[in-house]
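This report describes a single protein model for a reader who works with atomic coordinates. The sequence and structure are shown first, and the account follows.

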Amino acid sequence: MIAPGTAHRNHCPHCLTSRHVDRRRPGDRAESCRGRMVAISVSVRDGGEWALIHHCLACGVLRSNRIAGDDNALSLMRIAVRPLADSHVGRRTLLAL
């Protein structure tokens, strides 16, 4: 079965980690950083679609990336509820912006 959003995936469906490879648009592979990007939060877009917020550990950039239909639901929920479990996560994320 093919799940929505898996054709152009940019992150691991299990741990949700990505690699900093795109510079201006998804798929351009023009970024030279190549740092590890960890999922630090989720965002909900206007139509109800979820997006992961990735933070590059090498250069510090933040990027928003669509989730895929076969992403690990437990990993997504852990990220979504993290601010409820640790009040310092939200503060650190805002300071990183």
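## Burial and surface

Of the 97 residues in the protein chain, 28% are buried; buried means under 20% relative accessible area, exposed means over 50%, and partly exposed lies in between (1.4 Å probe, protein chains only). The accessible surface of the chain comes to about 6,500 Å², and 55% of that area belongs to carbon and sulfur atoms. These areas come from the Shrake-Rupley method with a 1.4 Å probe, and for residues only the protein chains shown count as cover.

The model is predicted, with local features needing pLDDT of at least 70 and side-chain atom pairs counting only at pLDDT 80 or more, while totals for chains, interfaces and linings use all residues. Residues are numbered from 1 along each chain as its sequence is written, and side-chain values use heavy atoms, with hydrogens and water left out.

## Secondary structure and sheet

The protein chain has two helices and four strands, and read along the sequence it follows the pattern β-β-β-β-α-α. Helices (H or I, at least four residues) and strands (E, at least two) are DSSP runs, numbered from the N terminus. The four strands form an open sheet in the order S1-S2-S3-S4, with antiparallel pairing; two strands pair if DSSP finds at least two bridges between them. S1 and strand S4 (62–66) are the edge strands, each pairing on one side only. Helix H1 (residues 73–85) packs on the sheet and touches S2 and S3, its direction making about 70 degrees with that of S2. For this angle, axes are lines fitted to C-alpha atoms, for helices over the stretch in contact, and angles run from 0 to 180 degrees between N-to-C directions.

Strand S1 (residues 18–19) is joined by two bridges to strand S2 (residues 36–44), and the two run antiparallel. Serine 18 stands opposite methionine 37 in S2. Seven bridges join S2 to strand S3 (residues 50–56), again in an antiparallel arrangement. Valine 38 stands opposite histidine 55 in S3, and valine 42 stands opposite leucine 52 in S3. The hairpin of S2 and S3 has five residues between the strands, and there glycine 48 takes a positive phi near 95 degrees.

## Nonpolar core and contacts

Leu16, Ala39, Leu52, Leu76 and Ile79 make up the largest nonpolar core, which has five residues. Such a core is a set of buried Ala, Val, Leu, Ile, Met, Phe, Trp, Tyr and Cys residues joined through side-chain atoms within 4.5 Å. Not counting residues up to four places away in sequence, isoleucine 79 touches Leu16, Ala39, Ile40, Ser41, Val42 and Leu52.

A contact means heavy atoms within 4.5 Å. Among contacts in the protein chain with a separation of 6 or more, residues 24 or more positions apart account for 39%.

## Salt bridges

The structure holds four salt bridges, each defined as a side-chain nitrogen of Lys or Arg within 4 Å of a carboxyl oxygen of Asp or Glu. One of them brings together the side chains of aspartate 22 and arginine 29 (2.7 Å, N to O). Aspartate 22 counts as buried because its relative accessibility is 15%, whereas arginine 29 is partly exposed at 42%.

The side chain of glutamate 49 meets that of arginine 45 in a salt bridge (3.4 Å, N to O), and the side chains of arginine 66 and glutamate 49 meet in another (2.7 Å, N to O). The latter pair links distant parts of the chain, with arginine 66 in strand S4 and glutamate 49 in the loop between S2 and S3, 17 residues apart. Salt bridges that share partners thus join Arg45, Glu49 and Arg66 into one network. Within this network, glutamate 49 is partly exposed at 30% relative accessibility, arginine 45 is partly exposed with a relative accessible area of 31%, and arginine 66 is exposed at 51%.

## The loop between S1 and S2

Glycine 27 lies in the loop between S1 and S2. With 48% relative accessibility, glycine 27 counts as partly exposed. Its C-alpha atom is separated by 9.5 Å from that of arginine 9, 18 residues apart along the chain.
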